[in-house]
Amino acid sequence: MPNTPAAPSAITAPPTARHAEGVSNDEFRAAMSRLAAGVVLVTAKEPPLDPDDPGAPAGEDVGMTATAFLSVSLDPPLVLVSLRNGSRMDDLLDEQPLWAVSVLSESQRHIAGRFAMKGRVSDRLLFADIPYQRGEYSGAPLVGGALATLECRTEQRVPAGDHTLVIGRVLTARVPSAEGGPLAYFRGRYRQLG
């Protein structure tokens with residue numbers, strides 16, 4: 001019996017929406033939405049516009065919500081964050097090697113949503129009413145009430161499709177708040193465990 005292609009399923013996307021490998025963007029997105037992920041705020045301080053001029057405007061704080069963040073190595077301590085190519089954070093971390101991560105708690109959903117907005121207002125306004133302190137090495141904002149904070153220095157940038165994987169050496173790791181559970185992202189929404 002000759003091999004004949006199976007009839008297309010009613011739930012299969014049309015061929016024009018598929019990549020050469022056979023999976024559509026929608027199918028891939030739906031499958032990956034079933035993977036629960038922790039939510040972090042990645043932050044960095046822009047360098048001054050003109051470091052040689054003390055009167056030049058200081059750089060702004062920049063922040064971005066991320067769910068593609070993970071531990072890579074214990075020795076040396078390395079973490080990885082995935083950044084969309086051409087995003088403000090990707091552009092900044094291409095020139096600024098120091099950055100920070102705040103692991104958000106379940107009570108910080110509003111922070112995650114604020115920094116995940118598309119077409120958002122300036123980062124200065126986004127940080128305006130959020131309690132934070134500056135990291136001693138990175139100078140980046142570390143969110144008050146976060147379950148954990150890390151300061152990092154970029155070790156490697158790896159192109160990966162429409163994203164860049166930024167691997168950072170952890171310079172500081174603190175657990176300032178033991179209260180509450182983690183903020184999670186599952187099926188396209190922020191969730192609490194339990």
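Colleague: What makes strands 1, 11 and 12 an open sheet?

Modeller: This is a predicted model, and in it the three strands line up in the order 1-11-12, with antiparallel pairing. Strand 1 (37–38) and strand 12 (189–192) are the edges: each has a single partner strand, so one side of each has no neighbour in the sheet.

Colleague: How do you know that strand 1 pairs with strand 11?

Modeller: Pairing takes at least two bridges, and two bridges join strand 1 to strand 11 (residues 183–186). In one bridge, Ala37 has Tyr185 of strand 11 as its partner.

Colleague: And what lies across strand 11 and strand 12?

Modeller: That's helix 3 (residues 109–116), at about 165° to strand 12.

Colleague: Why is Phe127 called buried or exposed?

Modeller: Buried means under 20% relative accessible area. Phe127 comes in at 5%, so it is buried. Phe127 also belongs to a core of 12 residues, along with others including Ile130, Leu183 and Tyr190.

Colleague: What about Tyr132, is that buried, partly exposed or exposed?

Modeller: Its relative accessibility is 33%. Buried stops at 20% and exposed starts over 50%, so Tyr132 counts as partly exposed.

Colleague: What makes Phe127 and Tyr132 an aromatic pair, and of which kind?

Modeller: Ring centres have to lie within 6.5 Å, and planes over 60 degrees apart count as edge-to-face. Here the centres are 5.7 Å apart and the planes make 70°, so the pair is edge-to-face.

Colleague: Which residues form the aromatic cluster?

Modeller: Phe115, Phe127 and Tyr132 make up one cluster.

Technical notes
Residues are numbered from 1 along each chain as its sequence is written. This is a predicted model: local features need pLDDT of at least 70, side-chain atom pairs count only at pLDDT 80 or more; totals for chains, interfaces and linings use all residues. Side-chain values use heavy atoms; hydrogens and water are left out. Helices (H or I, at least four residues) and strands (E, at least two) are DSSP runs, numbered from the N terminus. Contact means heavy atoms within 4.5 Å. Axes are lines fitted to C-alpha atoms, for helices over the stretch in contact, and angles run from 0 to 180 degrees between N-to-C directions. A nonpolar core is a set of buried Ala, Val, Leu, Ile, Met, Phe, Trp, Tyr and Cys residues joined through side-chain atoms within 4.5 Å. Buried means under 20% relative accessible area, exposed over 50%, partly exposed in between (1.4 Å probe, protein chains only). Rings of Phe, Tyr and Trp (its six-membered ring) pair if their centres lie within 6.5 Å; planes under 30 degrees apart count as stacked, over 60 as edge-to-face and the rest as tilted.
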